[in-house]
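Student: I would like to go through the labels on this structure and ask what each one rests on. Please set each value against its definition.

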Amino acid sequence: MAVAERGLGRLPHEPYPASDLLRFSTAGSVDDGKSTLIGRLLHDSKGIFEDQLAALELATRRRGGDGIDLALLTDGLRAEREQGITIDVAYRYFATPRRKFIVADTPGHLQYTRNMVTGASTADLAIILVDARSGVVEQTRRHLVIAALLRVPHLVVAVNKMDLVEFAEDQFDPIEREIRTYASGVGIGEITVIPVSALRGDNVVTGSPALAWYRSPALLEHLETVERPTREIDGPLRMPIQWVIRDRTNAGYRAFAGRIERGRVRTGDLVTALPSNVTTRIEAIDTFDDALEEAFAPLSVAIRLVDDVDLGRGGLIAAAGDAPEPRRELLTTVCWLGATPLTAGRRYRLSHGTQTVRAVASSLDACLDINSLELVPEPDQLAMNEIGRVRLTLAEPIFADSYRESRSTGSAILVDEATNETVGAVLIQDDDTPWP
């Protein structure tokens, strides 16, 4: 029986069709050209409508410029246009014949490093920009560390403004060597370094004669052909319950709706319902207009179970024999986002999947020095934009994996109980997990 509930959409026949979706984010220091790079990608891939181009020309003239300032495509806030910097995370969508893209343009200023965490947390790929004139700076290192901690599957460093150094290979090579050395030190195994000029368009969408010494694909070709990560699909089933659906016309109908965060499920599979820890079978998998034999992450479905089990919002349907253990004590890596520092003994709400529990920061074990990569033991606090190892004690258990196993079920957020502000991005660790 199909259900007609909002949010349960039609599923494709294959997990990743030929023209699939890649989420990527950009980061870098102030004025490295992130917004211009995205504008160039949109413009040269024919992703801008004529009325948008006309509006951009008008906005550029009002600012005293000529032609089109492509950075204005993503710097949408008035304050951003006035200051010439990115403040908020700006999301844009475009497509080529080979792939669809969602891009998050994140701020480069130190004050908004927390926004980089937001943009990169769901990214399949991160582009970190470096100014060819100044090379690797502190923010470059900070963004590489954050990308490593967030386990972004693919990393690209775009060495921008190559036109301002006359496209010199001997200017690019030492920057690439320093990037690769630092990336290796923070545990990044795969990284691609590409020379570009976002302002001129060299090596962004197509190769450039000015960069004839660079023989690898241009940036867009790399984005079109990089392998989509499939780890979440291949892992054990995890589906947090968002709500329970009942059909008024059929008193016996009861389905559990949510998004599959990890793995896949088929009709007839054995699953475990948590927290009741009851094992049962899948009777049916419903969507808006069809019943399916199989579903996979990250699709939203409604699952009917053979047995009548106690299960509601905040519960979890997991693979039988491979369900997560309940956790009330968490060892975590926290990227602190709040203006008020994190201190031991402070109480918060922890939101994990569809479950929310009260949490206390029982201890601050270490803080990471971004420049030296050394751990400063037992700091007094974590200030905004700092990254640390924090132990949390929960009022109720949650069913979570480690972040190393799953980015979706191994992450959470901390919320200030007084202001309802999101103040911390939480990555759940295992005791023997190397850090960072």
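Student: Over how many bridges do S11 and strand S16 pair, and in which sense?

Tutor: S11 and S16 (residues 316-319) pair over four bridges, in the antiparallel sense. Two strands pair if DSSP finds at least two bridges between them, so the four bridges here meet the definition. Strands are DSSP runs of E with at least two residues, helices are runs of H or I with at least four, and both are numbered from the N terminus. The model is predicted: local features need pLDDT of at least 70 and side-chain atom pairs pLDDT 80 or more, while totals for chains, interfaces and linings use all residues. Residues are numbered from 1 along each chain as its sequence is written, and side-chain values use heavy atoms, without hydrogens and water.

Student: Which residue in S16 stands opposite Val271, and what joins S11 to strand S12?

Tutor: Val271 stands opposite Ala319. Four bridges join S11 (residues 270-274) to S12 (residues 278-286), and these two strands run antiparallel. One bridge pair there is Thr272 with Thr279 of S12. S11 and S12 form a hairpin with three residues between them, and Asn277 in the turn has a positive phi of about 60°. Pro275 also lies in this loop, and the peptide bond from Leu274 to Pro275 is cis, with omega near 15°.

Student: What makes S11 mostly covered?

Tutor: Four of its five residues are buried. Buried means under 20% relative accessible area, exposed over 50%, and partly exposed in between, with a 1.4 Å probe and protein chains only. Over the chain of 436 residues, 53% count as buried.

Student: Why is Lys161 called buried, and why is Glu378 called exposed?

Tutor: Lys161 has 14% relative accessibility, so it counts as buried. Glu378 has 66%, so it counts as exposed. Both have a positive phi without being glycine: about 65° for Lys161 and near 45° for Glu378. Lys161 lies in the loop between S5 and H6, Glu378 in the loop between strand S20 (375-377) and strand S21 (387-399).

Student: How do you know that the length of H6 agrees with its number of residues?

Tutor: The expected span is 1.5 Å times one less than the number of residues. For the 17 residues of H6 this gives 24 Å, and the end C-alpha atoms are 25 Å apart, which agrees.

Student: Which residues of H6 are buried, and why are they said to line one face?

Tutor: The buried residues are Phe172, Ile175, Glu176, Ile179, Tyr182 and Ala183. Seen down the helix axis, they fall within an arc of 135°, so they line one face of H6; the arc is that of the directions from the axis to the C-beta atoms. The face turned away from them carries exposed residues, namely Asp170, Arg177, Thr181, Ser184 and Gly185. The buried residues pack against S4, helix H5 (138-149), S5 and S6, where contact means heavy atoms within 4.5 Å.

Student: What is the order of the six strands in the open sheet, and what makes S2 and S6 its edge strands?

Tutor: The order is S2-S3-S1-S4-S5-S6, with mixed pairing. S2 (90-96) and S6 (192-195) are edge strands because each pairs on one side only, a pair needing the bridges already defined. Seven bridges join S2 to S3 (residues 99-105), and these strands run antiparallel. Phe94 has Phe101 as its bridge partner in S3. Helix H1 (residues 34-44) lies across S1, S2, S3 and S4, running at about 150° to S1. Such angles run from 0 to 180 degrees between N-to-C directions, with axes fitted to C-alpha atoms, for helices over the stretch in contact.

Student: Which residues have the most contacts inside the largest nonpolar core?

Tutor: They are Phe24, Leu41, Ile127, Val157, Met162 and Leu223, in a core of 66 residues. A nonpolar core is a set of buried Ala, Val, Leu, Ile, Met, Phe, Trp, Tyr and Cys residues joined through side-chain atoms within 4.5 Å. Among the residues that Val157 touches are Ile128, Leu144, Ile179 and Val193, leaving out those up to four places away in sequence. Another core, of 23 residues, lies apart from the largest one and includes Ile233, Phe256, Val301 and Ile317.
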